[in-house]
Amino acid sequence: MAAVNRDNEEEVKTDDGSPKIKPRPIVRLGIFLIAHSPVFSVVFSAAGVLALLLLPLLAKNTYISENALMPGSARSMLSNRDVSDGSKLVKDIKNFRLNHEGQGVEVQKLIGKYMSDMGAEVSYQKFHPEGNQFHPLHFFSGPDSYTLLENVSCASYGVNVAGIIRAPRGDGKESIVLVTPYDFINGGDYEDLSLGIVSSLFSLLSRVTWLSKDIIWLVADSRYGDYRPVAAWLTEYHSPSFKVSDLLKCDEQNTADNFRRAGTMAAALVLKVDGRSEKFEDTLSIYAEASNGQMPNLDLINVVNYLAVHRQGFYVKVEKVVSLLSSSWLKIFGEIFEAVGKLAHMLNPDWNFGIPAADYLEGSATLASSLYSQALGIPTGPHGAFRDYQVDAITLKVSPRFPPDSKTRQHDFFLRGARLLEGTIRSVNNLLEKFHQSFFLYMLTSPSKFISVGVYMIAFALLVAPLPMVAASLYIDGCKSLTNSTDNPTENFKSWKWLDAAKQVFTLHLFGFIVTLLPYFICQVPGQHSPTNRSIMWGTTSSSLLLITFVTMPGCSPFSSRLHGTNWAILKSVTISAAFIGLCLMSIINFATAEIGALLLVPTCLMAQPIKPALRSRRLKSLLGAFCSIVLLTIGFPVMFFAISKGLLGEGLVGLSLGGEFWTWLESLWAWKSATYLYIGMVHLPCWLLCLCILFHPS
């Protein structure tokens, strides 16, 4: 009797005594799923969408994971004297600007003098404006790569001011950074208030004895935006440049020689006073999203939120999609979930499932904003520059409830704002190591509620789960159809027929790669500076390249007779496999992009089918399937989806203006090195074209 390998298979005998191999349970499960892939596709896709809608209900209350932080455990030491120092700086800056209009450098020297009088080490750093030009070789380069603008005068350079307080209990190896963006040329009254808050705190920190980390106060010249000056300062801080540049020609003295540095950055806080609050209390908005969906450690947000709400009485909020707050269909889902939650609580008081419909709307709107901001891959504030160096940072935008010229309320505003920063710095100062205890992968539904990676990945996993099952089922069906037309059915399952389909998939993905690089060459064309003109040139060039691809490789054309030799089921199988691999890879780089991409790409790939058999049969089911395929392909086209998104946000765009807006949007993606740009060009667009080939397959 033959030996039986019990680890891999079980051997049983049939009636005639011949051995029969019984598949292992996992193999039988796979065969069952493949055999019923249409049913499971509907079930898993519906479950994925439902799981996404349930995320606001599954949000947890935030909590402090690192015990050493101890927010609010110490009494504030900020005094009226410190606040008076901050008010004096604001008053002197306003008076100086009135008497010396346009002399921004003198304002920087005034701020530097205040820092020096407090005992800080002061340094100035000049930087140049950065060009917004796409370069494919710089896409994956470090954060210190940039493009110089040509013909920049000495007056165009920005100047940052940085003051460092050395910690009396530290060894100079760690630091905490405070950043206040300030436009030295056209700064407003609200920007002056941000300087007053941090100056009040800086006055206190110059005298305390409990500091174990150096304190850096960076006043960033924001005439060219808030992000660029912070990024330039960080570049010089971490990667000093010793080469002679045009900057030195504009210096009375070499500013690189007196650039001061402290230790490794433990955390960074960016403070901005931005407009008047619409609430009856001062409002604090927290911005945490950095490039490509990176987020700071959740403990940093938790500390700020706890101190702001429970110690200083701020109204704390995070961004939300306001249009969703009035969404009728989302309100219906909220009422359904609320009713189900009440029913579950009646059955078992320990089941706290539902939340009020109003809270569900708020959570969904905040979650949608968090998902969109992470998927876009563009930092929501200057704090994004710190995440490029793995420094946890957030931007705090404070909106006072009083006008900026109100002297009576300014003192209290400075006191509460500075105490908030003081408490946060005290907590970070207690850390013996970097933030590591809490979450780095999460989404917010409110300042005090979050969804961890273990929860929100479920929705994505359910959405993409049907793809490998359907791909395997289609491949088997394709081989069976070839079996009916040949004399050797066994060889069809072992043949290399799928290589023809793989060649088409590879060719169109190569086309997507070329289209992704085209903007670099278009930007080199002289005289083409209008976004509309560039978008027209990009669309024309891409269409021409696609036409050349179809002509030179007829097998890739959806209208070519050579596609008769390629079974559409096998082509769809390879297409779905490519989409599955692309989405899974994107989920590692930026989950939010992969989630939104799956919502568009998965139903498009699953519903794609040849339209000619449906038109010939004229059956309602076939016609409905073909109609759904056309609708999904129309919505899935990147430009069309962009237009629909704009329409949902209430921005009407038609004709050539749509192309210009789309080009501007793409420019922002590649300028910030967003991986979403690569996903659109190298995953979504090729798969969309392959689904188009399947739709017009001459089967």
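This passage describes the strands of a sheet, a helix that packs on it and one phenylalanine in a predicted model.

The sheet is open and consists of eight strands, arranged in the order β4-β5-β7-β6-β8-β11-β9-β10, with mixed pairing. Strands β4 (121–127) and β10 (315–317) stand at its edges, and because each has a single partner strand, one side of each is left without a neighbour in the sheet. From one strand to the next, the twist averages 20 degrees.

Strand β8 (residues 264–273) has nine of its ten residues buried, so this strand is largely enclosed by the rest of the structure. Strand β6 (residues 174–182) runs parallel to β8 and is joined to it by six bridges, with valine 179 standing opposite valine 270 of β8. Strand β11 (residues 393–399) also pairs with β8 in the parallel sense, over six bridges, and here valine 273 stands opposite valine 398 of β11. Strand β9 (residues 283–287) is joined to β10 by three bridges, and these two strands run parallel; serine 285 stands opposite lysine 317 in β10. Helix α5 (residues 189–205) packs on the sheet, where it touches β5 (158–165), β6, β7 (214–221) and β8, and its direction makes about 155 degrees with that of β6.

Phenylalanine 333 is found in helix α9 (residues 328–347). Its relative accessibility is 29%, and phenylalanine 333 therefore counts as partly exposed, since this class lies between the limits of 20% for buried and 50% for exposed residues. When its neighbours within four places in sequence are left aside, phenylalanine 333 is in contact with Leu53 and Tyr360. Tyrosine 360 lies 27 residues from phenylalanine 333 along the chain, and the C-alpha atoms of the two residues are separated by 8.6 Å.

Terms used:
Residues numbered from 1 in each chain as written. Predicted model: local features only at pLDDT ≥ 70, side-chain atom pairs only at ≥ 80, totals over all residues. Heavy atoms only, no water. Buried < 20%, exposed > 50% of the residue type's maximum accessible area, 1.4 Å probe, protein only. Helix = DSSP H or I, 4+ residues; strand = E, 2+ residues; numbered from the N terminus. Pairing = 2+ DSSP bridges. Contact = heavy atoms within 4.5 Å. Axes fitted to C-alpha atoms, helices over the stretch in contact; angles between N-to-C directions.
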